[in-house]
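Colleague: Before I use this model, I would like to see how its labels follow from the values. Please set each value against its cut-off.

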Amino acid sequence: IVPTGFTPNGDGLNDVFMPYIENAENMVFEVYTRWGEKVYETKELYTGWDGAFKGYPMPDGVYVWVLKAQYYDGDEVLNQSVDRGNVTLIR
């Protein structure tokens with residue numbers, strides 16, 4: 001599950017954008033501007049983007065996300081996937 005919008009305004013609600021996935025390993029989650037500039041990357045399952053790039057808040061707008069993950073059942077790889085979508089940052 002990946003949200004379609006978030007509001008990083010410090011109110012404690014929807015301040016961080018991240019996928020909600022289970023049984024994933026070797027995950028890479030990236031966020032890009034619509035011009036293709038990477039503004040965020042993590043390999044941590046429970047870490048998300050706070051709407052900033054190099055310490056500065058990014059403007060309102062639509063950003064592209066890419067999620068690459070391998071899903072496991074015990075030691076067996078069930079699925080490898082690359083998913084893409086859009087998220088709207090609202091300040």
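**Labels and cut-offs**

Modeller: Six residues make up one aromatic cluster: Phe 6, Phe 17, Phe 29, Trp 49, Tyr 63 and Trp 65. The model is predicted, so local features need pLDDT of at least 70 and side-chain atom pairs count only at pLDDT 80 or more, while totals for chains, interfaces and linings use all residues. Residues are numbered from 1 along each chain as its sequence is written, and side-chain values use heavy atoms, with hydrogens and water left out.

Colleague: How many aromatic pairs does the structure hold?

Modeller: The structure holds 5 aromatic pairs. Rings of Phe, Tyr and Trp (its six-membered ring) pair if their centres lie within 6.5 Å; planes under 30 degrees apart count as stacked, over 60 as edge-to-face and the rest as tilted.

Colleague: Why is the pair of Phe 17 and Phe 29 called tilted?

Modeller: The centres of Phe 17 and Phe 29 are 5.4 Å apart and the planes make 50 degrees. The distance is within 6.5 Å and the angle is neither under 30 nor over 60 degrees, so the pair is tilted. Phe 17 lies in the loop between β1 (5-6) and β2 (24-32) and Phe 29 in strand β2, so the pair ties together parts 12 residues apart in sequence. Strands here (E, at least two residues), like helices (H or I, at least four), are DSSP runs numbered from the N terminus.

Colleague: Are Phe 17 and Phe 29 buried or exposed?

Modeller: Phe 17 and Phe 29 are both buried. Buried means under 20% relative accessible area, exposed over 50%, and partly exposed in between (1.4 Å probe, protein chains only).

Colleague: What makes the pair of Trp 49 and Tyr 63 edge-to-face?

Modeller: Trp 49 and Tyr 63 have 65 degrees between their planes and 5.2 Å centre to centre. An angle over 60 degrees counts as edge-to-face, so the label follows. This pair links distant parts of the chain, with Trp 49 in the loop between β3 (38-42) and β4 (52-53), and Tyr 63 in strand β6 (residues 61-73), 14 residues apart.

Colleague: How do you know that Trp 49 is buried, and Tyr 63 as well?

Modeller: The relative accessible area of Trp 49 is 0%, and that of Tyr 63 is 4%. Each value is under 20%, so Trp 49 is buried, and so is Tyr 63.

Colleague: How do you know that β2 and β6 pair?

Modeller: Two strands pair if DSSP finds at least two bridges between them. β2 and β6 are joined by 7 bridges and run antiparallel, so they pair. Tyr 32 has Val 64 in β6 as its bridge partner. β2 also pairs with β3, in the antiparallel sense, over 4 bridges; there, Val 31 has Tyr 40 in β3 as its partner. The hairpin of β2 and β3 has 5 residues between the strands, and Gly 36 in the turn has a positive phi of about 95 degrees.

Colleague: Why is β2 called mostly covered?

Modeller: In β2, 7 of its 9 residues are buried.

Colleague: What makes Asn 14 and Lys 54 worth listing?

Modeller: Most residues other than glycine have a negative phi. Asn 14 is not a glycine, yet its phi is positive, about 55 degrees. Lys 54 also has a positive phi, near 55 degrees. Asn 14 sits in the loop between β1 and β2, and Lys 54 in the loop between β4 and β5 (56-57).

Colleague: Why is Asn 14 called exposed, and why Lys 54?

Modeller: Asn 14 has a relative accessible area of 55%, which is over 50%, so Asn 14 is exposed. Lys 54, at 69%, is exposed by that cut-off.

Colleague: What makes Ser 81 buried?

Modeller: Ser 81, in strand β7 (residues 76-89), has 16% relative accessibility, which is under 20%, so Ser 81 counts as buried.

Colleague: Why is the 3.4 Å between the side chains of Ser 81 and Asp 83 called a polar contact?

Modeller: A polar contact is a pair of N or O atoms within 3.5 Å; within protein, one must be able to donate a hydrogen and the other to accept it, and residues adjacent in sequence count only if both atoms are side-chain atoms. The Ser 81 and Asp 83 side chains are joined at 3.4 Å, so the distance is within the limit.
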